[in-house]
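Student: I would like to learn how to read contacts in a model of protein and DNA. Where should we start?

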There are 2 protein chains.
Amino acid sequence: MTEPHWLTPEQLAAWTRLVAVVELLPGALDTQLQRDADLTHFEYFTLAMLSEADNRSLRMTALASRTNATLPRLSHVVSRLERRGYVRRTPADDDRRAIIAQLTDDGWQKVLATAPGHVDTVRQNVINALDERDTEDLRRIMAKVLDRLDPEGRFGMSTGPM
Amino acid sequence: MTEPHWLTPEQLAAWTRLVAVVELLPGALDTQLQRDADLTHFEYFTLAMLSEADNRSLRMTALASRTNATLPRLSHVVSRLERRGYVRRTPADDDRRAIIAQLTDDGWQKVLATAPGHVDTVRQNVINALDERDTEDLRRIMAKVLDRLDPEGRFGMSTGPM
DNA sequence: TACCTTTGGTTGATGCTACAAGTATTACCG
DNA sequence: CGGTAATACTTGTAGCATCAACCAAAGGTA
């Protein structure tokens with residue numbers, strides 16, 4: 001036995017399965033979105049977060065928080081989305097360091113066109129596998145884990161639609 | 001917005017939290033392993049799977065299965081690990097197409113040295129946040145999701161015991 | 001035998017992410 | 001005020017993952 005059983009068998013079983021999901025899920029999401037919309041899941045998620053925000057716009061920092069991303073990563077992604085015409089950057093009025101990212105009409109249309117297929121994939125790969133109790137349990141457990149991964153709550157978690 | 005298959009608030013809450021975990025967990029694991037052992041989590045996991053196998057060796061295909069990886073990805077990673085002296089490649093006797101990856105003594109020592117700190121991180125970020133019931137629920141739910149992500153069980157953990 | 005398909009694995013190009021600087025603006029503090 | 005620190009964001013680079021293309025061996029078929 002290599003990894004000395006500092007975890008109980010039950011803990012180990014839960015952990016290995018979680019690791020497998022963490023490894024496989026991103027690929028499943030990216031494959032569908034790449035094929036159907038030429039978007040990575042992170043790009044789609046970024047557009048989706050903007051689409052739900054007031055005025056379909058957010059400061060980069062706030063957007064980074066909602067997408068669980070670092071600012072450098074977001075900056076690159078927004079650059080790509082801007083180049084494709086889905087997002088517009090404008091300086092903020094109140095703070096001249098800040099930049100506001102806003103969804104363009106094209107970006108809004110892109111979200112509308114992409115969401116149904118994406119939701120289908122989510123259902124297919126995750127949601128439909130779970131009954132009501134599973135869903136509640138999953139929410140409870142992921143909330144607890146998130147509290148460890150992000151104790152300060154720097155990364156916000158939207159409760160609105162995807 | 002026509003959404004024939006949208007998600008209930010409870011499903012949505014579970015999903016967004018799962019997505020956040022999937023986004024944040026790899027970084028947490030990679031950061032610790034990179035800092036303490038100069039390994040990515042996937043590299044460590046690959047070494048760990050080898051260390052548990054008979055004779056500390058596995059065919060590339062079997063190793064890919066246990067690490068939830070594609071063969072191209074694994075091939076690149078094993079090349080790096082081989083270059084660093086942790087793994088050795090040898091042709092298989094029974095099938096001349098096949099390659100057997102075996103953990104070297106250095107690789108074994110690397111796993112021994114790295115495991116404790118890694119398990120600490122796993123506990124800190126996930127396991128310690130969960131009580132017994134959570135752990136059981138997590139295992140059950142991840143098994144169900146894996147069954148969707150990998151219906152054929154090509155990757156190791158889809159069903160069955162550890 | 002010859003042929004076609006499948007399996008096992010590697011390799012190279014492309015693209016995204018993480019990390020480390022760097023710039024510019026604002027906040028803090030004596 | 002003046003100076004330092006902290007915040008907001010961008011950019012360049014290095015490294016890993018993905019995908020397509022490729023080769024070689026094995027299995028099937030006639």
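Tutor: Start with a definition: a salt bridge is a side-chain nitrogen of Lys or Arg within 4 Å of a carboxyl oxygen of Asp or Glu. Side chains of opposite charge can pair when their charged atoms come close. Before the cases, some ground rules. This is a predicted model, in which local features need pLDDT of at least 70 and side-chain atom pairs count only at pLDDT 80 or more, while totals for chains, interfaces and linings use all residues. Residues are numbered from 1 along each chain as its sequence is written, chains are lettered from A and ligands numbered from 1 in the order in which they are written, and side-chain values use heavy atoms, with hydrogens and water left out.

Student: How far apart are the closest N and O atoms of A:Arg84 and A:Glu43?

Tutor: They are 3.9 Å apart, and the two residues form a salt bridge. To place them you need the elements: helices (H or I, at least four residues) and strands (E, at least two) are DSSP runs, numbered from the N terminus. A:Arg84 sits in the loop between α4 (71-83) and β2 (87-91) of chain A, and A:Glu43 in helix α2 (residues 41-52) of chain A, so this pair, 41 residues apart, links distant parts of the chain.

Student: Is A:Glu43 buried or exposed?

Tutor: Buried means under 20% relative accessible area, exposed over 50%, and partly exposed in between (1.4 Å probe, protein chains only). A:Glu43 has a relative accessible area of 5%, so this residue is buried. A:Arg84, with 33%, is partly exposed.

Student: Which residue of chain A pairs with B:Arg139 in a salt bridge?

Tutor: The partner is A:Glu10, at 3.2 Å from N to O. B:Arg139 lies in helix α6 (residues 132-149) of chain B and A:Glu10 in helix α1 (residues 9-37) of chain A, so the pair joins two chains. B:Arg139 is partly exposed at 24%, and A:Glu10 is partly exposed at 26%. A:Arg139 and B:Glu10 also meet in a salt bridge, at 3.1 Å.

Student: How many salt bridges are there over all chains?

Tutor: The structure holds 30, and the count between chain A and chain B is 14.

Student: How is the size of an interface described?

Tutor: The size of an interface is often given as the accessible area lost when the parts come together. Buried area here is the accessible area (1.4 Å probe) that two parts lose on being put together, summed over both. Between chain A and chain B this area is about 7,000 Å², and carbon and sulfur atoms give 71% of it. Counting residues is another way: with contact meaning heavy atoms within 4.5 Å, 68 residues come from chain A and 71 residues from chain B.

Student: Which residues come nearest to DNA strand C?

Tutor: A residue is near a strand if one of its heavy atoms lies within 4 Å of it. Of the 19 residues around DNA strand C, the nearest are A:Arg73, B:Thr61, B:Ser75, B:Arg89 and B:Arg97. Sugar and phosphate make up 70% of the atoms of this strand that come within 4 Å of the protein. Helix α4(A) gives the most to the surface near DNA strand C, with 5 residues.

Student: What does B:Arg97 reach on DNA strand C?

Tutor: A polar contact is a pair of N or O atoms within 3.5 Å; within protein, one must be able to donate a hydrogen and the other to accept it, and residues adjacent in sequence count only if both atoms are side-chain atoms. An N or O atom in the side chain of B:Arg97 is 2.8 Å from a base oxygen of DNA strand C. For A:Arg97, the distance from a side-chain N or O atom to a base oxygen of this strand is 3.4 Å. B:Ile99 uses a polar backbone atom, 2.8 Å from a phosphate oxygen of DNA strand C.

Student: Which element gives the largest share of the surface near DNA strand D?

Tutor: That is α4(B), with 5 residues. In all, 19 residues surround DNA strand D, and B:Arg73 is one of the closest. A side-chain N or O atom of B:Arg73 is 2.8 Å from a phosphate oxygen of this strand. A:Ser75 places a polar side-chain atom 2.8 Å from a phosphate oxygen of DNA strand D, and for B:Arg80 such a distance is 3.4 Å.
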